[in-house]
Structures are given as C-alpha cells and as structure tokens.
Amino acid sequence: MKKRLLAMLSCAVLLAASVTGCSSSKPAESAAAPAGSEAATEAATQTAEKPAEGDVKIALITMDSIDQHWVTLNEGAQKAASELGVTVTFMSPNTKDDAQQIECVNNAVAGGYKAIIVAANGPDAISSALKEAASSGVKIVYVDSPANVDAEATFSTDNEAAGKTAGQEMIKALEAAGVTSGKIGIVNVNAATDSTVKREAGFRSAFEGKGYELMETQYGEGDAAKSQTIAENYITQGVVGIFGCNEGSTTGTGNAIKASGNGNIVGVGFDKSDAILNLIEDGYLLCTMAQNPDVMGEEGVKAAVAALNGESLGGKVTDTGVSAIKAGGSAAPAAASAGEAVKASQEWKIALITMDSIDQHWVTLNEGAQEMAKELGVSVTFMSPNTKDDAQQIECVNNAVAGGYKAIIVAANGPDAISSALKEAASSGVKIVYVDSPANVDAEATFSTDNEAAGKTAGQEMIKALEAAGVTSGKIGIVNVNAATDSTVKREAGFRSAFEGKGYELMETQYGEGDAAKSQTIAENYITQGVVGIFGCNEGSTTGTGNAIKASGNAGIVGVGFDKSDAIMNLINDGHLLCTMAQNPDVMGKEGVKAAVKALEGESLGGAVQDTGVSVLTK
C-alpha cells in the first residue's frame, strides 16, 4: 500500500509539474533532419515531421527516470517536441515498478494527454491500463519495450540480434585467450521485461554448439548493487564470463569483476553510461551493446504527432540500432555506424562490387558509398556486373585485384560462389568488407540487414492482413532469387517461421533470379493455383509479384515483399502489394566505405557483423 501511495504521489507531482511548468515550443520553421544513428534514417524519412495541429500534450513514460538510457531517450524526445511544437512531459516513476507505471499511464489519461509514448516494464503488466487509454482515444507509441497492446508504431532495438552479437563478442574474446569451455553467468532484470528477455535469448543462441556451460539466469531488477552481488556470486563459482542485460546489470557486473581482481573474466553488457564506459576503459568489461535511445525518443515523438495529425502508421516496428563499444571508444555498429568517419591519409582505391548494377537497391547503396568516399577523400569504383552471375562477379573481384584496388566492398551472390576469388584477394593484402550479403571468407566487417528477423516480420504482416480479411487457411507462394544467396535464403527462412502452427500451406519456393519478368511469371503461376498470398524475397521478386497480382485483378491476394523502389512503392500505393520490408542500402554503402578506410588505415574492426535495420513500408 505504501509503495502504491508513493507511486501515486510521484506521478501526480510530475503531472502537476507538466500542467503548470511546461509550455509548447514554437514549431520548427522547417522539417528537422533525422537525428541519431543512420539505422533510423528509414524510420525518420517515413514518419511525418509536420508540426502538430493545435496545442498537443504527450506523455513520455519509461521504466524509470534515473537510468542514463531513459534520460537520453527523454533528451531526444524533447528535441523533437521543440521542433514540432508539442509538449512532452517525462512522467516516469523513479524506479522500475509495475504499479507506479500503471499510475503514470492513468494520470496521463486523466490529465488530458493525447498520446502516450511508453517503454513498458513487461508485455502484460500495464496492458490493461494501455487498453483503457487507447479506448479513450489516446494514441500509443512504444519505445524500447512494447506491451501486448496494438500501437501506432514501435521504435526499439532488435534485442535478440543484439544479444547474439554480445555473445559472439564474448566467445571471440574467450577463444582468443585460449578459453574454449567454462561457466557463463547471466544477470538479467526480471523474467517479464520483453527487451531484456530477448537480449538473453539472443546471447544464449550464440553459444549453441559451443563448449561453454550457460548457468541459470539471476535477476537483479536492473539495480547495480543487486546485480553486483549476483555477479560476485557467479565469480565464486568460477565463471569465465558474465553478461549483463541492461545498464544496471552491466554496471554491477563490471564492478564485481573489478572487485574480484580477476582480469581474465570477460564481462559483456548492454546500454551506455559514464560508469559503464569507465569500466570498459579500465579493462573490467570487454564491451557494451550501446543502443540509440535519443533516436527512439525523437522518432517516438514524430510518430505520436503524425498519428495525432491523422496519419496511419500501420503499427510498424522500426529497429533503431545498436553498436558494440569497446575500449578506446571504438564502436562496431550493429546498426549502421562504424563510429566516427576517419579521414584517409591517402586516396585509397576501393572497389564496390554488388550482385548487379541495375536494381535500385544497389544503385542506392552505391550512392551512399560515393557520398562517404567524397567525405573521406578516397576513390570508390562501382564495378558490378550488369546481371546476377557468379562468373561475372568473380571476374570483377579478379579485375579489382589486378587493378591495384586496396579494398573490396562486396555483396556476394552466395556464400561459396566467389569465395576462392575473395580468398586470393585477401591473401594479396586486399581488405574485404561485406555489404548486404557475405561470403564464407573472413572480412573486416559486415553491414547487412538481419534478414531472418525481417523475413519473419514480413510473414507476420501477411498473416495479420489475411486474418483481418477472415482468411485463416490457404496456399502461400514464395518467389526467391536462388537457393544460394545468403540474404534472401534467410528472408525466406524467417518468413516461413512466422507461419509455424498456422493453418496455411506454404508451397514449394520458386526462383526467378531477381528478375522482375521471370518473377511475375512465377507469381502468375502461383495465382492459377489459388494462392491467398505471395512473398517476394528481393526487389525484382517483389516487383514481379505485385505486377502479377495487378494483372490478375484479384485484390484478395496479399502480396508482401522486400526492398524499396519507385515501382514497388507505386504497387503498394495502388493496392497491389500490402507492404515491403525496406532496407537501408545507403547506410550499408556509407558504413562499408568507412570500415574499408579504417581497415586500410590500420584499425582492427574484429570482423563485426552489423545490422543496418529495416522498416515496414505500407500504403
């Protein structure tokens, strides 16, 4: 009862402060450029940045008001609020507590707030309060952690992918030290917070098939002192590594390793704060997965304003990215940032070799690469074949080596097709960086979409549309590029996984080599077999799928695709496709060049694999 009373007083004080002490800023004279990590570029350009209509009050409710993560998120929100002419009140509880967060939601509704931007403590804990808020007309936008209630949009980290990256970083460090077995401890917040549960799941998945023993997870409620006690207990049990799932867990882990004096324990964590960065610099933590909370805050406010202005955002989920920060401030960006750009000491010659030179996806990737090349003072030559062909791509690699190019940025047709050529290039001292699709050859870094997660999202979007139309069974066709291209194979795998346990029949995949005409023929054949939905795995496959549905005149077929082009956007706007998963090829190009220059200047990037994000684009 006492805790509940404190919660009511805490939120009531914040509410009163918002009514008497906050005033709307004037709208910015021009639309603000998207801020923060480039992983959020797609989200920023798709979310309306139009000033609000009338005096608008928006509540920002995070898990607490103390962690630097939430403070930074609020700073991003206030920046966007100032630009858009709205009032955003940071009315979060002072500690992670479901009852306090529920009171804050209820107080926001009672106080006349028109939208709530919320980082939910768990998927269910505050769902009833949010449902009541939504039923009263309040717009809901999620940042960081969603609840199980429909919202206008969600801006969060792909926590499972980032958790897996954390695990991979730990394994790499342990193996480099000759440690191939041993106990690993995990300090989490609780068993209900969606974001940290997914981080743990991703972390555990990285250890599958390895010789380490992952111990039972212990929960410290995100409190640094409690987490330190847990980590100290793990250390007494002889662990070789400990993973902290959020800011408090990571700080506690680092402090425990510091207190133990055992410099051999590998500590890896999540979130960024001065305390965590100091622990990394002092060698008590290997690295931390740093999110972009400022981007979440900014984009959350933009989405709330767009929704209040009557725009439909379709419940899209946008990955705002993550970077692996190590000692020396080096960031291996798992969401589109190779850290600060390094000006080249000489005009390095870099080759950019993509699958072809025609698809708008690759053209846009080249544009990003050329922009960064100009900025860094290097020469990037777009020397891609005019069609997807292994022999032509191998020839391009060989020509780059013969031509004296010092680095090759490549989107491989498949994991093995051009591996021999890339191995020869690497053995001659050429630096290899992957964009979009890697091969089975070690590289300096890889910048690509988490294709499996994005494919699953595509499947979920199709299921949602079919069920909304009352269609709970039927045949689903899949148009892929080929059976070897790593990126599209993973997209298909993710798409298929979304249908597990559902009543639909996924047909045998057909391959159109990414050619729009071939893909249209395949899709037309599926339509004659009575499919209720078709998935296109890349730009050409998606264009062909949309054109086939258009030609059939059957508006009941749900078409979902991948990549963004003028043709695809027209097919979406005309109703022949439901949506497309839009990647960030310009980000891949920019970050690929930055990474290549860093490698040529002697910096080790550690072969980091970075997720450059994806957005669901609808009509």
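**Cysteines.** I began with Cys 537 and asked whether this residue is buried or exposed in the predicted model. Its relative accessibility is 0%, and because buried means under 20%, I entered Cys 537 as buried. I then looked up Cys 287, which also counts as buried, with a relative accessibility of 0%. Next I wanted to know how many disulfides there are. Taking a disulfide as a pair of cysteine sulfur atoms within 2.5 Å, I noted a count of zero.

**Gln 520.** I located Gln 520 in helix 17, which covers residues 516-528. Which residues does Gln 520 contact, if I leave aside its neighbours within four places in sequence? I wrote down Gly 544, Asn 547, Ala 548 and Ala 551. I also looked up Gly 540, which is 20 residues from Gln 520 in sequence, while the C-alpha atoms of the two are 8.9 Å apart in space.

**The sheet.** I turned to an open sheet of six strands and followed its order, which reads 2-1-3-4-5-12, with parallel pairing. Which strands stand at the edges? They are strand 2 (87-90) and strand 12 (316-319), and each has a single partner strand, so one side of each is left without a neighbour in the sheet. From one strand to the next, I noted an average twist of 20°.

Within this sheet I followed one pair in detail: strand 1 (residues 57-61) runs parallel to strand 3 (residues 115-118), and four bridges join them. One residue I traced across this pair was Ile 58, whose bridge partner in strand 3 is Ala 115.

**Helices on the strands.** I saw that helix 4 lies across strand 1 and strand 3, and that its direction is at about 180° to that of strand 1. Helix 11 (residues 293-308) also packs on the sheet, where it touches strands 1, 2 and 3 as well as strand 4 (139-143) and strand 5 (153-156). Its direction makes about 165° with that of strand 4.

**Helix 4 and helix 5.** Finally I asked at what angle helix 4 (residues 98-110) packs with helix 5 (residues 127-135). The angle is about 10°, and the axes are 9 Å apart. Because angles under 35 degrees count as roughly parallel, I described the two helices as roughly parallel to each other. On the helix 4 side I listed Ile 102, Val 105, Asn 106 and Val 109, which meet Ala 129, Leu 130 and Ala 133 of helix 5. I sorted the residues of this contact into six nonpolar and one polar, with no charged residue.

Notes. Residues numbered from 1 in each chain as written. Predicted model: local features only at pLDDT ≥ 70, side-chain atom pairs only at ≥ 80, totals over all residues. Heavy atoms only, no water. Axes fitted to C-alpha atoms, helices over the stretch in contact; angles between N-to-C directions. Parallel < 35°, antiparallel > 145°, perpendicular 65-115°, else oblique. Contact = heavy atoms within 4.5 Å. Nonpolar A, V, L, I, M, F, W, Y, C, P; charged D, E, K, R; others polar. Pairing = 2+ DSSP bridges. Buried < 20%, exposed > 50% of the residue type's maximum accessible area, 1.4 Å probe, protein only.
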